[in-house]
Amino acid sequence: MMSNKIETQKPDMWTARLRQSWQKNLPIEKLLPDTQPAYVASWIYVFGVLTLSALAVIIASGVVLAFEGPSWYHISDAGRFVNSLHFWSVQLFFFFMVVHLWGKFWMAAWRGKRQATWITGSIAFVVSIATAFTGYLTQTNFDSQWIAFEAKDGFNSVGIGAWFTVTNLGQMLLMHVAFLPLVLGLITVIHVLQVRRKGVVPPIDAFDQTLKGVNK
Amino acid sequence: MSADKSAIHSKESAPWQGQVRRYDIVKEGVIALLIVSLLTLTLSIFMGSPDEPSLTFKGWAASNSDNFYTTAVQELAGTSESAGYGAPYNDAGVGLNLGPLWLQKWAGIHHPINSANDFVITPLGEQQQPAEVAAALSTWRSAAVVDKQRWAVDYDAALSAVEGKVSAVKSGDYGPVPTLAKGLTAMATSGALDGLLLSQGGFFQTDHTKQILFFGDGAYLDDAGTAANLQGGTWGMMNETGRYPGQAWLWLYSLWYQIPPFNNEESHPIGANADAYILALMGFMTLGLVMIPFIPGVRSLPIRIPLHRAIWRQYYQTEGIGKRKKK
Ligand code: HEM
């Protein structure tokens, strides 16, 4: 027998459970807050956003390069320019990310159950390195010949080279334009959502009563 | 955890109860995106980006035909680097190890390469050859393995004796080997080898393993790498061609290649297996980076060294938080 009023709040429903936990952990006010704790006042906070922005420029320029194919930029001035945008946004991305990483280290920003933020961040760092590396291999120029020749020995020496074949342009290209960006994008989204969910970590001595007001 | 520490921990985990300030994250994001776009645009306009054309077999044979010729002989003799490499290309070498772990060998042969056939004999056979080369090819194909081996190895030795100067080599019984090498050099010089090595009889091809390995067996690629400052022993891993920054983020990976025992191939077991040890070391250190929040000592460094006072200067000042006492 069907009842007119179906119980939708049943905690044993997967969908309901997901919605409830989402609403509890990441309500829209947390996702898009218009205030921040008073201590969020330092230039270091800008570097996460700068990293994110550089990633956006990388993806935008990369999409244009992908539409034209990997050897377009060898023969076209416009291609060379888009390639330059891609190249420099990557350099900026890594610069911002490394400052961000060191900043978060010196803030011990994993405190207060924020370990997952650090872990997703550092995985993003590693995946970024892999993505950039495969990008260098898909330049289809002398540099990629050289890097493929040199790097194969490293990967072969521990057996990874049997599957991750740096001399295989097709594989590297797919890794670079499909698989790795997908992983990096996903990890970045999780990383940023973690930050929003937990709120920005308080300063190291914020709750140490013994130090409060000593200088006042 | 002491009572103090656990109280602090739970406050750090809970939503912030103290003072707040207006903060427009969307506006911050848009401004950041604009700034980064402008920076990228400026750098691209004024600096451009690197693009050294790729090397070709044609270029190799044209610039140093003796070296190409000698390399072709080494492929036939099985004395080239690729011919003796081991996994994942062939079983001619045992590969590197990590102590008792022979990962390279265990991974097996995934990209079978027979240097003599794949680099020399098959390409020669895929094109109409002058009568002399065609005859040499059929002699080679019908010869016994021991004869092939003897001809090629003897010729390779004779070439090394005169430091690869082809015109100076002593005459001897080298069978069809000199003619095959000459034929392949002619193919390379004409540019035909570049296409043939890739296609190997097919139409679509996206794998350049064979060309890269063949290239690496000679001096052409290596010399170009040295000229461009790209050799691993001199931080080349981080370099890019021309005046451009490379993968600077590989500095730590690169560092190991500069210092003993890693930079000494003679030193056992680490130097002789440097590639494997360095990769394992970096894997270990990467795991360390990811796990920093859980590593005692490391995770308390930023708490002990008070750089945080500079980062949150404003907050520490307005709250008047005093310095931690040394314990
Ligand atoms: C794809 C690369 C990355 C992007 C786009 C990114 C983005 C961000 C953003 C937008 C924030 C919030 C704003 C801020 O505090 O700066 C943040 C916070 C954070 N990031 Fe990253 N990040 C990246 C990589 C990393 C890396 C490599 C680490 C460290 C290993 C890291 C650790 C952290 C931590 C711990 C926080 C939280 C700080 C807090 O709670 O106050 N991130 N990240």
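A residue counts as buried if its relative accessible area is under 20%, as exposed if it is over 50%, and as partly exposed in between (1.4 Å probe, protein chains only). Helices (H or I, at least four residues) and strands (E, at least two) are DSSP runs, numbered from the N terminus.

The model is predicted: local features need pLDDT of at least 70, side-chain atom pairs count only at pLDDT 80 or more, and totals for chains, interfaces and linings use all residues. Residues are numbered from 1 along each chain as its sequence is written, chains are lettered from A and ligands numbered from 1 in the order in which they are written, and side-chain values use heavy atoms, with hydrogens and water left out.

**Figure 1. Helix H11 of chain B is mostly covered.** The helix spans residues 209–217, and 8 of its 9 residues are buried. The buried residues are Thr209(B), Gln211(B), Ile212(B), Leu213(B), Phe214(B), Phe215(B), Gly216(B) and Asp217(B). Phe214(B) and Phe215(B) also belong to a cluster linked by ring pairs, together with Phe57(B), Trp60(B), Phe68(B), Phe119(B) and Tyr220(B). Rings of Phe, Tyr and Trp (its six-membered ring) pair if their centres lie within 6.5 Å; planes under 30 degrees apart count as stacked, over 60 as edge-to-face and the rest as tilted.

**Figure 2. An aromatic pair joins the two chains through Tyr39(A) and Tyr315(B).** A pair of aromatic rings is described by the distance of the centres and the angle of the planes. Over all chains, a search of the whole structure finds 35 aromatic pairs. In one of them, the ring centres of Tyr39(A) and Tyr315(B) are 5.9 Å apart and the planes stand at 85°, so the pair is edge-to-face. Tyr39(A) lies in the loop between strand E1 (35–37) and helix H3 (46–68) of chain A, while Tyr315(B) lies in helix H17 (residues 313–319) of chain B, so the pair joins two chains. Tyr39(A) is buried, with a relative accessible area of 1%. Tyr315(B) is buried too, with a value of 7%.

**Figure 3. Tyr69(B) and Tyr155(B) pair within chain B.** Their ring centres are 6.2 Å apart and their planes are at 70°, so the pair is edge-to-face. Tyr69(B) is in helix H4 (residues 65–77) and Tyr155(B) in helix H8 (residues 145–161), 86 residues apart, and the pair links distant parts of the chain. Both residues are buried.

**Figure 4. Chain A and chain B bury about 9,000 Å² between them.** Buried area is the accessible area (1.4 Å probe) that two parts lose on being put together, summed over both. Of this area, 68% is on carbon and sulfur atoms. Trp88(A), Trp106(A) and Phe142(A) supply 9% of the area that chain A buries against chain B, more than any other three residues. The contact (heavy atoms within 4.5 Å) takes 100 residues from chain A and 99 residues from chain B.

**Figure 5. Glu12(B) and Arg111(A) form a salt bridge.** A salt bridge is a side-chain nitrogen of Lys or Arg within 4 Å of a carboxyl oxygen of Asp or Glu. Here the closest N and O atoms are 2.5 Å apart. The count between chain A and chain B is 1 salt bridge.

**Figure 6. Thr120(A) is a buried residue of helix H6 in chain A.** Its relative accessible area is 13%. Not counting residues up to four places away in sequence, Thr120(A) touches Ile187(A), Ile190(A) and His191(A). A polar atom of the Thr120(A) side chain lies 3.1 Å from the backbone oxygen of Thr117(A).

**Figure 7. Two cis peptide bonds are shown in chain B, one before Pro88(B) and one before Pro261(B).** The bond joining Ala87(B) and Pro88(B) has an omega of about 5°. Pro88(B) sits in the loop between H4 and helix H5 (103–107) of chain B. For the bond from Pro260(B) to Pro261(B), omega is near 0°. Pro261(B) is in the loop between helix H13 (251–256) and helix H14 (274–290) of chain B.

**Figure 8. Lys113(A) and Glu163(B) have positive phi values.** Lys113(A) is not a glycine, yet its phi is about 60°. This lysine, Lys113(A), lies in the loop between H5 and H6 of chain A. Phi of Glu163(B) is near 50°, in a residue other than glycine. Glu163(B) is found in the loop between H8 and helix H9 (177–190) of chain B. At 76% relative accessibility, Glu163(B) counts as exposed.

Definitions and conventions: Polar contact = N/O pair within 3.5 Å; in protein donor to acceptor, adjacent residues only side chain to side chain.
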